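Colleague: I'm new to this one, so could you take me through a single part of it up close? Pick the charged pairs, and then show me how they sit in the rest of the protein.

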Amino acid sequence: MDFPAVRMRRLRRTEALRRMVRETHLRPDHLIQPFFAVPGQNVRKAVSSMPGVFQLSVDQLITEAKKTRDVGVPAVILFGIPDRKDPEGSSSWNEQGIVQKAVRALKKNVPELCVITDVCFCEYTDHGHCGVIHDGEVDNDATLENLARQVISFAEAGADVLAPSGMMDGMVGTIREALDEAEFEHLPILSYAVKFSSAYYGPFREAAESAPAFGDRRAYQMDPANGREALREAALDVSEGADMLMVKPALAYLDLIRDLREHFEHPIAAYNVSGEMAMVEAAAANGWIDRKRVILETLVSMRRAGADVILSYWATEVAGWLK
Ligand code: PBG
Ligand code: ZN
């Protein structure tokens with residue numbers, strides 16, 4: 001059967017028909033809201049390259065997190081900007097660290113929210129790399145030891161999910177073992193399994209004050225040209241005990257979200273990163289695109305590719321539209 005018996009337009013004629021045959025849905029349940037926590041009181045510092053995103057002190061973070069909860073977003077992910085940085089990033093495993101404080105306040109004041117902590121060192125090291133430096137390079141295995149300290153500290157503060165993002169080999173296994181030994185065997189790991197060395201992270205590094213002081217991250221994050229390698233990364237993290245897998249960035253890597261969807265049964269997260277947001281916001285500010293429609297189309301593309309959940313700076317706003 002083909003034209004004229006078949007007419008694809010028949011099912012597109014009205015909104016009711018289109019709703020019935022829509023294949024992919026975006027709901028508040030599918031979104032995770034990132035937040036940047038800073039020390040102090042009453043701090044709301046705008047991030048210039050990410051309109052609508054602020055560095056927030058814990059009191060302000062609670063106010064924003066309540067809005068996130070109220071529109072039905074189930075989870076937040078926290079990034080911390082400490083007041084003191086050192087070569088190891090030791091403030092990341094301090095009981096009085098900024099993320100630890102933020103987690104405790106969130107669990108106390110907005111207990112319905114799932115609190116995910118990003119697990120890495122770039123926000124905490126004075127050189128801005130994602131681990132300990134030896135002879136000018138990030139030392140993988142020395143970094144693993146500190147990672148275990150950091151996750152235990154976040155877990156003790158009350159984190160619900162640990163999300164390692166540093167692309168160290170063995171990070172998932174190390175974290176699983178550390179959690180299990182400390183009787184946190186119930187806490188899941190959301191691994192940034194497939195994370196590329198991407199220019200799309202530019203605005204985030206302003207927000208998180210985490211740009212590397214020398215070099216770049218190409219010796220640990222993936223080469224944007226490699227798709228098969230993404231499957232190996234994901235398989236390793238699965239074998240080490242990852243409960244969920246992330247692909248990051250999302251938009252330029254939709255093919256890999258699909259590949260992971262086809263190869264694994266694990267829930268998949270996509271990170272709608274800062275540069276993806278900045279491009280849309282800049283074009284919208286110029287009147288060149290319809291902001292709301294482009295945002296929804298962008299997020300639906302990630303769902304259609306196979307993502308279960310999407311980390312997005314727009315999460316709370318979008319959930320408000322969808323409610
Ligand atoms: C660092 C980290 C990065 C992002 C999340 N965690 C960037 C980086 O590798 O420098 C990027 C998020 C974004 O761009 O929105 N471990
Ligand atoms: Zn990092």
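Modeller: Let's go straight to R291 and E281, whose side chains meet in a salt bridge, with N and O 2.9 Å apart. This pair links distant parts of the chain: R291 belongs to helix α10 (residues 291–305), while E281 belongs to helix α9 (residues 274–285), and the two are 10 residues apart. Bear in mind that you're looking at a predicted model. The partners are not equally covered: R291 counts as partly exposed because its relative accessibility is 24%, whereas E281 is buried, with a relative accessible area of 8%.

Side chains of opposite charge can pair when their charged atoms come close. A search of the whole structure turns up 15 salt bridges, so let's visit a couple of others.

Take D160 and K107 next. Their closest N and O atoms are 2.8 Å apart, and they form a salt bridge. D160 sits in the loop between α4 and β8 (161–164) and K107 sits in helix α3 (residues 98–109), so this pair ties together parts that are 53 residues apart in sequence. As for exposure, D160 has 24% relative accessibility and so counts as partly exposed. K107 is also at 24% relative accessibility, which again means partly exposed.

Now for a pair within one helix. E15 and R18 meet through their side chains in a salt bridge of 3.2 Å, N to O. Both are in helix α1 (residues 15–21), and because they are 3 residues apart there, about one helical turn separates them. E15, at 39% relative accessibility, counts as partly exposed, and R18, at 32%, counts as partly exposed too. The story doesn't stop at two residues, either: E15, R18 and R22 are linked in a network of salt bridges.

So what about a charged residue without such a partner? Have a look at D118, which lies in strand β5 (residues 114–119). D118 is buried yet has no salt bridge. The nearest side chain of opposite charge is K248, 5.8 Å away; a salt bridge needs the nitrogen within 4 Å of a carboxyl oxygen. What D118 does have is a polar contact of 3.1 Å between its side chain and that of S165. Setting aside neighbours within four places in sequence, D118 is in contact with a list of residues including I77, L78, F79, F154 and Y192.

One of those contacts, L78, takes us into the protein's interior. L78 is among the residues with the most contacts inside the largest nonpolar core, which has 106 residues. Helix α4 (residues 140–157) gives the most to this core, with 8 residues. V194 is another of the residues with the most contacts there. Not counting residues up to four places away in sequence, V194 touches M222, A230, A234, M246, V247, K248 and L260. You'll recognise K248 as the nearest side chain of opposite charge to D118.

Finally, step back to the whole protein. Its secondary structure comes to 11 helices and 12 strands. The radius of gyration is 20 Å, close to the 20 Å that the globule rule gives for 323 residues, so the protein is as compact as a globular protein of that length. Along its principal axes, the C-alpha trace spans about 70 × 45 × 40 Å. Of the 323 residues, 52% count as buried. And among contacts with a separation of 6 or more, 75% come from residues 24 or more positions apart.

Conventions:
Residues numbered from 1 in each chain as written. Chains lettered and ligands numbered in written order. Predicted model: local features only at pLDDT ≥ 70, side-chain atom pairs only at ≥ 80, totals over all residues. Heavy atoms only, no water. Helix = DSSP H or I, 4+ residues; strand = E, 2+ residues; numbered from the N terminus. Buried < 20%, exposed > 50% of the residue type's maximum accessible area, 1.4 Å probe, protein only. Lys, Arg positive; Asp, Glu negative; His and termini not counted. Polar contact = N/O pair within 3.5 Å; in protein donor to acceptor, adjacent residues only side chain to side chain. Contact = heavy atoms within 4.5 Å. Core = buried A, V, L, I, M, F, W, Y, C linked by side-chain atoms within 4.5 Å. Rg over C-alpha atoms; globule rule 2.2 N^0.38 Å.
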